[in-house]
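Please open the structure in your viewer and keep the selection tool at hand. The tour goes from one selection to the next, with a short account of what is there at each stop.

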Amino acid sequence: MLTIRRLLIIPIICVIADGILGILPCSVQAQQPQQLAPVNVEARPYGEQLIGPYNQPRWSARGRFSAKTDVYVLPPFSFYLDLDYHGTFPRVGKSDHLFTQELELGLPYRFQLAFELDEEHQNGRSQIPFTTIEGRWALANWSKIPLNPTLLVEYDIGTGKQYPVQPGQNAEKEGGDPIGDLVRQRVSIPDSYELRLLLGQEIGTSIEFAANIFFDQDLWADREREIGFSTASSFAVRGEALKVGLETSYQNVSRPGARSKAQNIFELGPSFTVKPSPHTRIDLAPLFGVTNDSPHLDLFVIFSIDFGSGAVAEVESPAAQGGRH
């Protein structure tokens, strides 16, 4: 099983690699133009540019737009690595801490693949609850269809136990029936699938917006179902270097035979994005529960590094660096 110490090794290596990329002299980069993928450059708000064969803005060229909202697809053969922390602090029960490593790869014809490995820490116990395989496909190049719709399919492979609840939920109460708790510990987390529609659009010259509509279904056990949506908006304070925004999330969680007793989880909160270098990005989003079924707080901290689109654009267009960073 992975440990937090081993998880932290990845961002350290990524920062060192990014530092090496950042200190390469321009003359060295100029001597190897044949190694660079072609990139389309067009003037954008705040110095941002269209990149890649899909003519997409840079903010859409990463799978994760915000804490709980995705957008579009990566340019072909660009590669993203995310290291995420998701802390859930429920109204009743123990807090849950989920660490995720996500690898995203852009493919031709507007396809994208991703793989996630999760580690959960809850009430003094650690486990790998599930692993995730994801695929998505954008219906057209950017701006050809309003809101740039993208289809996402995700499959979770359950590998852990439901103790005391699955990550992100707070249905279990502290104490309670000890026999019920013992039975709950032995229940395996079921496989599940998720279908999602991703939408994204620029509003005016300074606001970026994304929204997701999703359906999530467990395949066995209590066959829990989730239906909901998430939205996120972002305002560029200093181009790509600093952004602030607002995020919302709604989930309707129910089980067969008890749909009328579904949990209604609604959260909202601010989001903050800092880009300390051309290749790295840090996102922070504290989402506060509004309904009684919602946790007090869902806290997201996301570190990501770009091994594709960002690096190419920096080399191809050095004159625009001052406007973006």
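Begin by selecting Phe-65, which, once its neighbours within four places in sequence are left aside, is in contact with Trp-59, Asp-70, Val-71, Glu-208, Phe-209, Ala-210, Ala-232, Ser-233, Ser-234 and Arg-281. Keep in mind throughout that this is a predicted model.

Now add the rest of the largest nonpolar core, which has 10 residues in all, among them Phe-65 together with its contacts Trp-59, Val-71, Ala-210 and Ala-232. To complete the selection, add Tyr-54, Tyr-72, Val-73, Ala-138 and Trp-142, which belong to this core as well. In soluble globular proteins, nonpolar side chains tend to be buried together.

Phe-65 also leads to the next stop, the second largest cavity, where Phe-65, Ser-66, Ser-271, Thr-273 and Asp-283 are the residues nearest the centre, out of 20 that line this space. The volume of the second largest cavity is about 130 Å³, and its lining consists of nine nonpolar, six polar and five charged residues. If you colour the model by strand, you can see that S11 (225–236), S12 (242–254), S13, S14 and S15 each give at least two residues to this lining.

Which residue of S14 stands opposite Thr-273? Select Thr-273 and look across to S14, where the residue opposite is Asp-283. The strands S13 (residues 263–277) and S14 (residues 280–289) are paired in the antiparallel sense, with six bridges, and they make a hairpin that has two residues between its strands. Stay on Asp-283 and turn to S15, where its bridge partner is Ile-302; S15 covers residues 297–306 and pairs with S14 in the antiparallel sense over nine bridges.

The next selection is the largest cavity, which holds about 1,000 Å³ of space. Of the 44 residues in its lining, those closest to the centre are Lys-68, His-86, Glu-154, Glu-194 and Arg-196, and the lining as a whole divides into 10 nonpolar, 13 polar and 21 charged residues. The model has five cavities of 30 Å³ or more.

To finish, clear the selection and view the whole protein, whose secondary structure comprises five helices and 15 strands. Of its 325 residues, 48% are buried. Among the contacts with a separation of 6 or more, 57% are between residues 24 or more positions apart.

Technical notes. Residues are numbered from 1 along each chain as its sequence is written. This is a predicted model: local features need pLDDT of at least 70, side-chain atom pairs count only at pLDDT 80 or more; totals for chains, interfaces and linings use all residues. Side-chain values use heavy atoms; hydrogens and water are left out. Two strands pair if DSSP finds at least two bridges between them. Helices (H or I, at least four residues) and strands (E, at least two) are DSSP runs, numbered from the N terminus. On a 1 Å grid over the protein atoms alone, a cavity is a set of points where a 1.4 Å probe fits but cannot get out, and a pocket is an open set with protein on both sides within 12 Å along at least five of seven lines; lining residues have an atom within 4 Å of a point. Grid points are joined across faces, edges and corners, and a volume is the space filled by probe spheres set on the points. Ala, Val, Leu, Ile, Met, Phe, Trp, Tyr, Cys and Pro count as nonpolar, Asp, Glu, Lys and Arg as charged, and the others, Gly among them, as polar. A nonpolar core is a set of buried Ala, Val, Leu, Ile, Met, Phe, Trp, Tyr and Cys residues joined through side-chain atoms within 4.5 Å. Buried means under 20% relative accessible area, exposed over 50%, partly exposed in between (1.4 Å probe, protein chains only). Contact means heavy atoms within 4.5 Å.
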